[in-house]
Amino acid sequence: MKSLVIVESPTKTKTISKYLPKGYEVDSSMGHIRDLPASAKNIPAKYKKEPWATLGINPDDRYYAIYVTPPDKKKIVSRLKAKLKQVDELILATDEDREGEAISWHLLEVLKPKVPVKRMVFREITKEAVQNALKNTRDIDMNLVFAQETRRILDRLAGYTVSPLLWKKISPGLSAGRVQSVAVGFLVQRERERMKFKSGTYYDLQAILQKKGENDEFKADLTHLDGKRIASGKDFDENTGKLKKPDSVVLLDEENASSLVDKLKAADWSVSNVEVTTQKRSPAPPFITSTLQQEANRKFGMSARDTMSVAQKLYEKGFITYMRTDSTRLSGQAIEAARDGIVEQYGEEYLFERVRNYSSKGKTAQEAHEAIRPSGSKFIMPEKSGLKDREFKLYDLIWKRTIATQMAEAELEFTGVTITAKNNGTSADFRAGGKKILFPGFFRAYVEGSDDPEAALENQENYLPALVQGDSTDLQDLNFSSHETKPPSRFTEATLVKELEKSGVGRPSTYASVISTIQDRGYARLDGKALVPTFTAFAVTSLLEEHFPDLVDSDFTSGLEDKLDGVANGTEDPVKYLDDYYKGDTGLKAKVEKQEDKIDPQKAKLLDLPLDGLEGISVAVGRFGPYAKMNKDGEEISTSLPMDMDPSDITVEKLEQLIKLSEEEDKPLGVHPEEGLPIFLLSGRYGPYVQLGEASEENKKPKRVSLLKGMEPEDVDLNLAMKLLELPRLLGNHPEDGKVVRAGVGRFGPYVVHDGKFKSIPRTDDVLEIQLNRAVELLAQKAANRKSSELKDLGVHPESEQPIKVMDGRYGPYIKYGKKNIGLPKNTNPEKFTLEQAVDLIAEKG
């Protein structure tokens with residue numbers, strides 16, 4: 001008997017083939033073989049004249065969907081049909097979730113097999129799991145298919161109904177999405193909070209102390225003055241920058257802090273209270289999709305999309321269980337494998353006294369799946385896996401997290417010491433905290449946020465000498481420092497995933513595509529790890545909030561998800577569900593039709609930014625990007641905003657500066673003495689720039705050079721503009737081969753180039769002033785040294801005793817301290833940089 005087994009991917013094909021008996025042939029569908037039409041040209045001729053054809057769905061016929069096979073899948077379908085004719089049964093072995101179930105259903109619909117059909121599912125690709133699945137096949141679960149189809153139709157209805165409205169009212173090419181719009185709304189709301197934020201300044205004191213008669217030093221921070229608590233960041237109102245309850249705390253300014261330091265230096269210092277407590281810490285649950293995405297982003301900087309891509313490969317290669325899951329449950333087999341691994345790797349004492357179960361599910365839980373864990377009945381050690389790079393890192397992370405779930409609790413001891421300084425009626429309380437790990441437990445394997453558990457254990461301990469009430473202490477040093485309250489942090493991919501999950505918006509399996517989409521569509525950009533919403537995001541969110549609040553309401557969207565779960569469970573009618581969303585007086589279609597005429601395009605393009613002093617200046621989004629405009633003497637003056645400017649960068653001063661530049665565009669800085677052409681200072685989408693001559697029919701592309709990083713338009717005079725226009729500068733001929741050497745500015749900053757070889761110019765050099773001999777010196781540095789080279793060994797840090805070195809890197813000089821690299825301040829001579837300066841810089845950077 002011959003059988004054809006169909007899976008989704010070639011990698012899965014190779015892995016599963018190893019575990020199937022003779023007579024089973026495995027092939028891949030390469031994902032979905034059909035979908036809703038992507039564009040009008042994909043719609044079959046018989047439907048083109050239907051009023052609902054563009055939508056691809058007929059809402060009046062139980063949401064009948066047009067499914068088409070894309071051109072790139074037709075060969076695959078033909079191949080599978082040909083193979084099907086030569087076998088006695090068809091086994092559909094796609095993933096065991098809604099998407100996988102739908103792929104199997106579509107295969108059944110398109111291939112129309114005349115042989116028996118079985119549905120085979122497994123959570124991991126191991127010999128035991130595959131052969132067990134082969135013995136326990138089932139039919140396609142149509143409830144799961146309906147849930148996937150309903151979600152797909154729902155997203156099509158939302159996108160195709162609202163997006164055209166955005167094209168008309170704001171800008172072509174924009175899109176709205178059921179989960180996407182809520183996610184963008186989260187980013188915009190956080191940015192508004194940051195823009196409204198008013199910082200407050202406060203001072204505090206830190207003492208370096210020694211127990212009398214001992215040499216070991218410890219730090220203590222001022223907490224109370226004459227019995228009243230010292231103000232800290234939490235005491236400030238984020239909207240005013242002032243204290244919430246000024247009478248309940250002491251706010252130190254620089255003068256008070258300096259005076260207090262002088263007074264306390266002559267004080268008597270002694271221990272007034274000691275508190276010792278012990279705590280036990282339990283390991284985090286094993287990974288589900290969302291927590292894996294969050295932790296991979298925190299530890300490795302991987303995007304949600306990259307995490308899921310790597311996890312998919314690990315699953316298909318047989319290293320981990322299925323990576324799209326909402327359940328923290330571990331099977332008996334997994335628990336046994338984890339406990340065996342602990343004894344083997346760490347010893348019996350690190351094994352938790354009983355089996356630790358994780359059965360609770362969050363708000364977004366779907367089917368009763370298992371957590372993400374290493375596959376099989378014996379976990380492969382990461383070092384023996386043969387994996388490399390990101391695959392190794394992610395597998396190692398999953399292995400450690402799973403192993404940790406069955407390890408003993410960590411036991412920690414916390415010591416809180418109050419040291420009181422008294423002088424002439426002034427009493428100041430300082431607090432020192434100690435932390436000791438009595439037993440590391442699961443910390444040996446896994447510490448959240450760290451990819452090196454052993455190093456993390458060392459960093460977690462904080463030494464304090466043995467102190468008791470009444471002990472005298474000697475003051476070694478006392479300093480004050482200033483602090484500014486910080487606005488709420490922007491969302492990262494990790495924290496956005498966490499917020500979506502907490503709100504019940506979308507499902508973990510969709511987060512990667514949602515976060516990718518909001519970046520691809522220009523609603524957000526990455527700044528380091530932070531997601532920064534764009535001007536377009538502000539305009540679209542404001543329009544939706546005013547006219548379609550449900551589309552950006554997390555509770556409403558979460559309710560839709562709950563009902564989709566009902567469809568998957570067979571308790572919710574998908575047609576009624578779609579009717580409630582789309583039809584009737586309160587349905588999406590009617591809302592869009594009613595609101596369309598009420599939305600003024602000009603008003604929709606204006607941004608309502610929470611900034612003071614913007615009266616008379618408007619910021620809007622247009623077809624070619626964001627711009628600012630104002631009326632002056634009855635004339636409207638407008639200017640493009642630079643592409644690297646974010647909404648939160650806007651200040652009245654910056655807008656006035658850009659508008660002034662636009663106003664004076666026809667006034668040249670002067671005339672180039674050699675070219676005889678006027679030089680203009682202008683502003684465009686890429687920021688301020690200088691231009692030689694005017695654009696004309698004869699000179700359609702006059703030379704333009706952007707201002708260098710750190711330059712302000714008001715700093716640019718004729719002389720500086722001429723230097724900029726020289727870029728890329730000819731420095732001369734290389735002494736070795738006579739070929740020219742130039743200096744210029746490119747995508748990665750200033751550089752020198754010779755014979756096609758580029759070398760970055762360090763921050764200590766100026767691209768406008770660099771000479772041939774220095775350029776030759778830079779170019780002579782070996783390519784191997786481009787990563788970094790040691791310039792100076794400063795010695796060891798006086799407190800940590802870790803070495804500090806001055807290094808020369810691709811982006812300029814920096815100090816290397818332990819695992820940290822800290823760039824030197826601008827215009828600092830690395831050769832003259834001292835150990836004392838390095839210690840101060842390390843302290844400043846925290």
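**Notebook: a four-stranded sheet and a charged patch**

I began with an open sheet of four strands, whose order is S20-S21-S22-S23 and whose pairing is antiparallel. I noted that strand S20 (670–671) and strand S23 (704–706) stand at the edges; each has a single partner strand, so one side of each is left without a neighbour in the sheet. I reminded myself that strands of a sheet pair through backbone hydrogen bonds, either parallel or antiparallel. I should also say that I am reading a predicted model.

Next I looked inside the sheet. How many bridges join strand S21 to strand S22? I found six, between residues 678–684 of S21 and residues 687–692 of S22, and these two strands run antiparallel. I then picked out one residue, Ser683, and looked up its bridge partner in S22, which is Pro688.

From there I moved on to the loop between S23 and helix H21 (718–725), where I found Glu714. Is Glu714 buried or exposed? I have it down as exposed, because its relative accessible area is 55% and the cut-off for exposed is over 50%. Glu714 also has company: together with Glu712, Asp715 and Asp717, it gathers in a patch of negative charge on the surface.

Last, I stepped back to take in the whole protein. I noted 23 helices and 31 strands in its secondary structure. Its C-alpha atoms fill a box of roughly 90 × 85 × 70 Å, taken along the principal axes. The protein has 846 residues, and 50% of them count as buried.

Key:
Residues numbered from 1 in each chain as written. Predicted model: local features only at pLDDT ≥ 70, side-chain atom pairs only at ≥ 80, totals over all residues. Heavy atoms only, no water. Pairing = 2+ DSSP bridges. Patch = residues over 30% accessible without salt bridge, like charges linked within 9 Å, V, L, I, M, F, W, Y side chains within 5 Å. Areas by Shrake-Rupley, 256 points an atom, 1.4 Å probe, with all protein chains shown as cover. Salt bridge = Lys/Arg side-chain N within 4 Å of Asp/Glu carboxyl O. Lys, Arg positive; Asp, Glu negative; His and termini not counted. Charge placed at Lys NZ, Arg CZ, Asp CG, Glu CD. Buried < 20%, exposed > 50% of the residue type's maximum accessible area, 1.4 Å probe, protein only.
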